[in-house]
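User: I've got this one open on my screen and I'd like to talk it through. Can you take my questions one by one?

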Amino acid sequence: MVMNGANELHRLFEAWARLTPDRPAVTTATARLTYGELEGRANRLARHLLDSGLGTGETVAVCASGTPDVLVAVLGVLKAGGAFALIGPRQSTGDIGRALERSGARTVLTHARYAPAVDDGTGRPVVCLDTDAALIDAHSPEPAAAPCGVTAAVLFSAGTSGERRAVEVGHQRLHDAYRAWAETFGLRPSDVHLVTAPADAAAFTYGWVRALSSGGTLVLPGDETGPALWERPYVGGVTVLDTDPYAARLLLDRAAPPAGLRLVAVGGERLGLDEQVRLQGRLAPGARLLNVYGTVEVAGCGAWFETDQLTGPVAEPGRVSLLGRPFPGCRTEVRKGEIWLTPPDGVAAGTDGTDGSDRSDGSGSCAGAGAPDGSGGSDRSVGSGGGDAVATGDAGTLREDGLLEFGGRLAHRVRVRGRTVDPYRAETALGAHPGIRESVIAAVDGEQLVAYVVPASPTAAPGADEIRARLRGVVPDQEIPAAVVTLEALPRDGAGRVDRRLLPLPARHGTSGPVNGKGGGAGAGPAGFLYGVGCAVLVVVLPLAAILTDVLWPGSTDLTSVPTPWSWLFRGLYAAELLAFGVGLAFLIAGRPLMRRQGRSGGLTTAAHLAVVWLLVSWWPQDNFYRLAAKNDWERQAALVYAFNVPLMIAAVVVAVYVTRRPEPAAIAPRP
């Protein structure tokens, strides 16, 4: 299916390139391109892709850093009739490979230094934007008349509570989302947009679409997001800040923003009403701060809130996050306590006929803290959007004043000792504590709740007893965390979202006293339990097994006919078999909780746990059976092969899948 040219996303940019070719389009610390220059480079790349055989609607992965080349690549792909998928080049090679597979990319655009990471052996053509520049520049800078497919982009969800999903987003959806943003934000050609999201985040796509479709200038800060950013020459004149709550605090709460800053759009994480009011106070009179909400299925265009929408005071604003009203042409609904969004074009999310309900995280902008129970009462809706709605995976309520209130991520609910716990109520209660800057509550091994808190002052961190006292009466006693871990900062991904998979374990698992996450006793937690079980096995099980060997398999350890020193080697082998058997028994009892900490699925963890146990315990019985089997006893030999060797192979495959299914995430340092 081919798009109507009037609705193709890049046509909005092309109109400004013809009208204002000398206006700055994109600026970074090291480069600057005008609309005319960006148009010419994108046209050359588009012709190169077409000459290389790119078909209409094919997906092209762009794996490059935050330089103007990213915009050249994205626009070049669109002009060639393809769909772009932005992939972060600084991920592990495994993560890049999985993103390429999920995106369905047929071609990759990258830089030479990232080429080895994107070469996964599938034979995808790789175009290096730097080393292949001469080939690309040899083409004409005039636009190519290439038809476009329906899909404009493959956007990725954040993946902070599960796997990152690839979502196809069409030209029409992004086109209509831009018009809704432009009306709500009041976008102007004179605007200078500072976008802090990394290139592979969906928020980056929303940011450049808003900037370049309205004739504005896009500023890319790279990895720099600290207060000193305002002092950089290339950031001068910023009027629109497109960011997440964490970066907003760094840029607004710790340094005076530019006097001309008139609009701040915040999305990507929850933003409490009290914090929104405080950040609003950092802006000049008349400037606006918007809390923006929307998942990738609706191209980030769902609802927006600013304090002017309030009709009266709000009790306990620290425990409330308001997502506000739907964007023009959109619709917000609450069905059985879950938020549903209808995109501005009124078309269901995805191109596979689904309703977008297969979700794992609010990668668009879960920007809030709020509703105490997410029940929502009766189903309600607000807005004028039509067509099919998309489930967001977020709880919420529609208040009597018509404002949508955030109620937490459904995926963050956990099972603790057979009970489903929604940590959101406790998190918002702790977030309203004057001595706590941030908080997250998670389950450890399905046995206990742990509160992770970042104190407002390093010298005045609230104690565990104080934290529990604050939660009594707010949540049931069974939902009060058993342990408290004090952190300097919560682990975050590149887009500023809290990554719960990287939360550290408490120092003394299973205790109710305060801990600081900096270590524990040698006998603490499952590791200590495994150590104790191992000692018991060595003292009791191994001597018993040694005695039982000749009882169960008479003559299997007879070495009278084996000369020395070979007999001692065999005795060492027997001892190793017994030791492996004992370790396997210990691992059977206490190994699974340790493996569950790796963050893989429960089913895969159980299979790998049993596979490791089999790999350890099977050597003792199988070796003894084999010693007593004659070489030409084919019936017994076949039985032994299928009883022991084949399961050993299967167990090895299961362990291999477990190890490679999801590499351990590297520790992500908090941004300065």
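User: Which residue of β24 is the bridge partner of Ile-436?

Analyst: This is a predicted model, so keep that in mind throughout. Strand β23 covers residues 436–444 and β24 covers residues 448–455; the two run antiparallel and are joined by 8 bridges. In β24, Ile-436 has as its bridge partner Pro-455.

User: How many of the 9 residues of strand β23 are buried?

Analyst: Buried here means under 20% relative accessible area. Strand β23 is largely enclosed by the rest of the structure, because the buried ones among its 9 residues number 7.

User: Is Thr-243 buried or exposed?

Analyst: Thr-243 sits in strand β11, residues 240–243. Leaving out neighbours within four places in sequence, it touches Thr-196, Ala-248, Val-264, Ala-265, Val-266 and Gly-267. Its relative accessible area is 6%, and since the cut-off is under 20%, Thr-243 is buried.

User: What is the C-alpha to C-alpha distance in space between Leu-398 and Thr-332?

Analyst: Leu-398 is in strand β19, residues 390–398. With 6% relative accessibility, Leu-398 counts as buried. In sequence, Leu-398 and Thr-332 are 66 residues apart, while in space their C-alpha atoms are separated by 8.9 Å.

User: On to charges. How many residues apart in sequence are the parts that Arg-165 and Glu-297 tie together?

Analyst: Arg-165 and Glu-297 form a salt bridge, with 2.9 Å between the closest N and O atoms. Both residues are buried. Arg-165 is in the loop between β7 and β8, and Glu-297 is in the loop between β13 and β14, so the salt bridge ties together parts whose separation in sequence is 132 residues.

User: Which helix holds Arg-249, the salt-bridge partner of Glu-275?

Analyst: The closest N and O atoms of Glu-275 and Arg-249 are 2.6 Å apart. Glu-275 is in helix α10 (residues 273–280), and 26 residues separate the pair, with Arg-249 in helix α9 (residues 245–253).

User: And which residues are linked with Arg-249 in a network of salt bridges?

Analyst: Both Arg-249 and its partner Glu-275 are buried. Glu-275 belongs to the network too. Linked with Arg-249 are Asp-253, Glu-275, Arg-278, Glu-438 and Arg-492.

User: Is Glu-427, which meets Arg-270 in a salt bridge, buried or exposed?

Analyst: The two side chains meet at 3.0 Å, N to O. This pair links distant parts of the chain, 157 residues apart: Arg-270 is in the loop between β12 and α10, and Glu-427 is in helix α11. Arg-270 is partly exposed at 21% relative accessibility. Glu-427 has a relative accessible area of 2%, so Glu-427 is buried.

User: How many salt bridges does the structure hold?

Analyst: Among them are the Arg-165 to Glu-297 pair and the Arg-270 to Glu-427 pair. The structure's total comes to 28.

User: Are α1 and α3 roughly parallel or roughly perpendicular?

Analyst: Helix α1 (residues 10–19) and helix α3 (residues 68–79) pack with their axes 10 Å apart, at an angle of about 110°. Angles of 65 to 115 degrees fall in a single class. The helices are therefore roughly perpendicular.

User: How many nonpolar residues are in the contact of α1 with α3?

Analyst: On the α1 side you have His-10, Phe-13 and Glu-14, and on the α3 side Leu-75, Leu-78 and Lys-79. By class, 1 of the residues is polar, 2 are charged, and the nonpolar count is 3.

User: What value is phi of Lys-336 near?

Analyst: Lys-336 lies in the loop between β16 (331–335) and β17 (338–342). With 79% relative accessibility, Lys-336 counts as exposed. Its phi is positive, in a residue other than glycine, and is near 50°.

User: Where is Glu-316 found?

Analyst: Glu-316 also has a positive phi, near 50°, and is not a glycine. Its relative accessible area is 52%, so Glu-316 counts as exposed. You'll find Glu-316 in the loop between β14 (303–305) and β15 (322–326).

User: Last one, for the whole protein: what percentage of the 672 residues do buried residues make up?

Analyst: The protein has 17 helices and 25 strands. Of the contacts with a separation of 6 or more, 69% are between residues 24 or more positions apart. For the 672 residues, the buried share is 54%.

Terms used
Residues are numbered from 1 along each chain as its sequence is written. This is a predicted model: local features need pLDDT of at least 70, side-chain atom pairs count only at pLDDT 80 or more; totals for chains, interfaces and linings use all residues. Side-chain values use heavy atoms; hydrogens and water are left out. Helices (H or I, at least four residues) and strands (E, at least two) are DSSP runs, numbered from the N terminus. Buried means under 20% relative accessible area, exposed over 50%, partly exposed in between (1.4 Å probe, protein chains only). Contact means heavy atoms within 4.5 Å. Two strands pair if DSSP finds at least two bridges between them. A salt bridge is a side-chain nitrogen of Lys or Arg within 4 Å of a carboxyl oxygen of Asp or Glu. Axes are lines fitted to C-alpha atoms, for helices over the stretch in contact, and angles run from 0 to 180 degrees between N-to-C directions. Angles under 35 degrees count as roughly parallel, over 145 as roughly antiparallel, 65 to 115 as roughly perpendicular and the rest as oblique. Ala, Val, Leu, Ile, Met, Phe, Trp, Tyr, Cys and Pro count as nonpolar, Asp, Glu, Lys and Arg as charged, and the others, Gly among them, as polar.
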